[in-house]
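Got your viewer open? Let's take a short tour, one selection at a time.

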Amino acid sequence: MQRRHFAAALAAATAGLATAGTATAATHHPGAVPGGDAALLRTMLAALSEELDDRQTARTLVPYLQDIGFDWHPETAPLEKLDFIVAYGFGNRAPAGGGDPSKVLYEPGPVNEELADTVARVRAKRDIPVYAQWEIARFLDSKYGMDRVVSIEPVIAPDGTITYLSTDGVAAQVVEARKQLPGGIGTAGVIGFRDHVKRCVLTTRDRGMTAYAPRGFAMPGTYDPESGQPWTRRRDLYLVTDMMAQWTMLQKKLITAAYPNG
């Protein structure tokens, strides 16, 4: 199928979905298809079936395309269901004083300050422990003097080389810190950058934790053009990066499900 025809069909199908998406954002979650998305799914199925000449494969793939490409809202839960907060950083800035960035800690940057502000708003409504990536934890300490905050720090080798943790690396540290608690791990309230938070929730769950974004709280979404991570400077670049990460996560799950014995 010619790409311009597919693009035109998608544009027509999505024209009426903008307001519907806003209405469902508070409770919508990956894998669920709100009624307003039915037209989009039908269009995608018809276009992909024609392109692949294989309706059955298209039927399998379309929900994945919809989830990863067209759904950027995590599942949410009310504050009373949450037992602790996990806050994932987003971007940072090169060391202010210069030096070797592999051995000099980056600056937290303004986006992580906004994420810390979001944590503070949630904590003001529900006083529960916080596990925050170090960029956010710095502001929770210096700006808010917040107690019961565990900072998830980078790994520093004996020679001083710094290894920054991935989203999954942060989640692994959190589950390790909570798995021996008498009441069990509990339910995580996940805070992350607007375009990152869906994957943060999925990653937290993949590490064995029950996780939701806190309902009723907007996540920061302004990109920092001076970020030390190029893919976090612009929305178009980041969304491609995040979709790539989501596809990789899905690929591993599908292969494991199809071939559990390798």
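Start by selecting Trp247. Is this residue buried, partly exposed or exposed? Its relative accessibility is 35%, so Trp247 counts as partly exposed, since that class runs between 20% and 50%. Keep in mind that what you're looking at is a predicted model.

Now colour residues 235-258: that's helix α9, and Trp247 is found in it. Next, add Leu52, Leu61 and Leu65 to your Trp247 selection and switch on the surface. Together, these four make a nonpolar surface patch of about 300 Å².

Keep α9 coloured, as the next stop involves this helix too. Select Leu165, Ser166, Thr167, Asp168 and Arg199. Out of 34 lining residues, these lie nearest the centre of the largest pocket, which has a volume of about 780 Å³. Want to see the elements around it? Colour α6 (134-142), α7 (167-178) and α8 (197-206) alongside α9: each of them gives two or more residues to the pocket lining. Which one gives the most? That's α9, with seven residues. As for the classes in this lining, there are 14 nonpolar, 13 polar and seven charged residues.

Last stop: the enclosed space. A search of the whole structure turns up one cavity of 30 Å³ or more, and the largest cavity has a volume of about 50 Å³. To find it, select Phe90, Gly91 and Asn92, then the run from Pro108 through Gly109, Pro110 and Val111 to Asn112, and finally Asp224, Ser227 and Thr232; these residues line the cavity. Its lining divides into four nonpolar, six polar and one charged.

Methods
Residues are numbered from 1 along each chain as its sequence is written. This is a predicted model: local features need pLDDT of at least 70, side-chain atom pairs count only at pLDDT 80 or more; totals for chains, interfaces and linings use all residues. Side-chain values use heavy atoms; hydrogens and water are left out. On a 1 Å grid over the protein atoms alone, a cavity is a set of points where a 1.4 Å probe fits but cannot get out, and a pocket is an open set with protein on both sides within 12 Å along at least five of seven lines; lining residues have an atom within 4 Å of a point. Grid points are joined across faces, edges and corners, and a volume is the space filled by probe spheres set on the points. Ala, Val, Leu, Ile, Met, Phe, Trp, Tyr, Cys and Pro count as nonpolar, Asp, Glu, Lys and Arg as charged, and the others, Gly among them, as polar. Patches are made of residues with over 30% relative accessible area and no salt bridge: like charges are joined within 9 Å, nonpolar side chains (Val, Leu, Ile, Met, Phe, Trp, Tyr) within 5 Å. Accessible areas come from the Shrake-Rupley method with a 1.4 Å probe; for residues, only the protein chains shown count as cover. A salt bridge is a side-chain nitrogen of Lys or Arg within 4 Å of a carboxyl oxygen of Asp or Glu. Helices (H or I, at least four residues) and strands (E, at least two) are DSSP runs, numbered from the N terminus. Buried means under 20% relative accessible area, exposed over 50%, partly exposed in between (1.4 Å probe, protein chains only).
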